[in-house]
Amino acid sequence: MQASPKECVRHFRLGVNNYSPLYEVQPDGTVSGLTYDLLSEISARMGCVFSQIPMDSPRMLEDFKRWRLDMVAFMAPLEELKSAGEYISLYQAARKLIVAKSFYDKSRKAQDYLNDPKVKFGSQIGPRFFLGSEEEKRLMGQGRLISFPNPGAAYKQFVTGRIQAMFSTPIIHWHFQKEMPDLVTKTVAVPDVTHPLTMGFYISLRRISKAEADKIKKVVQEMKQDGTLRKIVSRYVDGEDMIYYQNL
């Protein structure tokens, strides 16, 4: 039986992704999204209030490092947050390489596009969750990496031709395929299982006690064991792509 929120005196302050399909506010004020749903489930099971504050990624990370937030979600493990937080993994997934059809060749692998000097990649301002450090360094050094405030802004550049490739996740790509019909006609999405992505969240080393941290980790483990985590994630993934999601 889950605890009532009234039984918990703790009020957690969370920085969360501010873009769809992770967090979005409907016209009637209803909030939805993968980040929102997963954190709401953890909050309900702990019986504590989770105030989810949508933020741009750079601000979210800076506020966390300055001890203004109890948690930040969701993201891959980041070296720059090691000294400020403990990472809690939720699942692993294969990243997806999105390629403009005019540059697509089915015989090519992800590495071939990364090595092609004619291919410009899009990415997100701040931490580049979907790029390896060496990939990022190479693309930046060659002037082939263009950063945008969020994935939606990057996806729009396939239509303008400003970028020819980017890495994403099945969840994000499925959402924008539905939102932007031009993507289907202008791009091809290829799973890249050679570069698994770990996704999860950070809890503050200073603002969260060991007892609270242990409780959060216990709840996440229970959600994996009883199938709740998989059930929530499956709402946001094309059924065919669920095979790329592990450790749920």
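## Tyr 155 and Phe 158 in helix H5

Phe 158 has a relative accessible area of 5% and is therefore buried. In this predicted model, Tyr 155 is buried as well, with a relative accessible area of 0%. Both residues belong to helix H5, which covers residues 151-160. Because Tyr 155 and Phe 158 are 3 residues apart in that helix, about one helical turn separates them.

## Aromatic pairs

A search of the whole structure yields 9 aromatic pairs. One of them joins Phe 121 and Phe 167, whose ring centres are 5.8 Å apart and whose planes differ by 25°, a stacked arrangement. Phe 121 is part of strand S7 (residues 121-124) and Phe 167 is part of strand S9 (residues 165-168), so this pair ties together parts of the chain that are 46 residues apart in sequence. Phe 121 and Phe 167 are both buried. The rings of Tyr 155 and Phe 158 also form a pair, with centres 6.4 Å apart and planes at 45°, so this pair is classed as tilted.

Ring pairs also connect Phe 64, Tyr 87 and Tyr 202 into a cluster.

## Arginine side chains over rings

Two arginine residues are placed over aromatic rings. Arg 10 lies over the face of Phe 12, at 4.2 Å from the centre of the ring. The charged end of Arg 108 is positioned over the ring of Tyr 113, at 4.7 Å from the ring centre.

## Leu 97 in strand S6

Leu 97 is located in strand S6, which spans residues 85-100. Its relative accessibility is 2%, so Leu 97 counts as buried. Leaving aside residues up to four places away in sequence, Leu 97 touches Ala 110, Tyr 113, Phe 121, Ala 165, Met 166, Phe 167, Val 188, Ala 189 and Val 190. Among these neighbours are Phe 121 and Phe 167, the two members of the stacked pair described above. Tyr 113 is another residue touched by Leu 97, and the ring of Tyr 113 is the one that lies beneath the charged end of Arg 108.

The contact list also includes Val 190. Leu 97 and Val 190 are 93 residues apart in sequence, yet their C-alpha atoms are 5.1 Å apart in space.

## Leu 197 in strand S10

Leu 197 is placed in strand S10, which covers residues 187-204. With a relative accessibility of 3%, Leu 197 counts as buried. Apart from residues up to four places away in sequence, Leu 197 touches Tyr 91, Gln 92, Ala 93, Arg 95, Phe 129, Phe 130, Ser 168 and Thr 169.

Ser 83 lies 114 residues from Leu 197 along the chain, and the C-alpha atoms of the two residues are separated by 21 Å.

## The crossing of helices H1 and H8

Helix H1 comprises residues 34-46 and helix H8 comprises residues 210-225; the axes of the two helices come within 10 Å and cross at roughly 115°. The crossing of H1 and H8 is right-handed. On the side of H1, the contact is made by Leu 38, Glu 41, Ile 42, Arg 45 and Met 46. On the side of H8, the contributing residues are Glu 212, Lys 215, Ile 216, Val 219, Val 220, Glu 222 and Met 223. The residues of this contact between H1 and H8 comprise 7 nonpolar, no polar and 5 charged.

## Backbone features

The peptide bond from Ser 20 to Pro 21 is cis, with omega near 5°. Pro 21 belongs to the loop between strand S1 (11-17) and strand S2 (24-25). The peptide bond from Ala 73 to Phe 74 is also cis, and its omega is near -10°. Phe 74 is located within strand S5, residues 71-75.

Trp 67 has a phi near 65°, a positive value in a residue other than glycine. This tryptophan is found in the loop between helix H2 (57-65) and S5. Its relative accessibility is 23%, so Trp 67 counts as partly exposed. Asn 247 likewise has a positive phi, near 60°, and is a residue other than glycine. Asn 247 occurs in the segment after strand S11 (245-246).

How values were computed
Residues numbered from 1 in each chain as written. Predicted model: local features only at pLDDT ≥ 70, side-chain atom pairs only at ≥ 80, totals over all residues. Heavy atoms only, no water. Axes fitted to C-alpha atoms, helices over the stretch in contact; angles between N-to-C directions. Helix = DSSP H or I, 4+ residues; strand = E, 2+ residues; numbered from the N terminus. Left-handed = near helix turned anticlockwise from the far one by under 90°. Contact = heavy atoms within 4.5 Å. Nonpolar A, V, L, I, M, F, W, Y, C, P; charged D, E, K, R; others polar. Phe/Tyr/Trp six-rings, centres within 6.5 Å; stacked < 30°, edge-to-face > 60°. Buried < 20%, exposed > 50% of the residue type's maximum accessible area, 1.4 Å probe, protein only. Lys NZ or Arg CZ within 6 Å of the ring centre and 35° of its normal.
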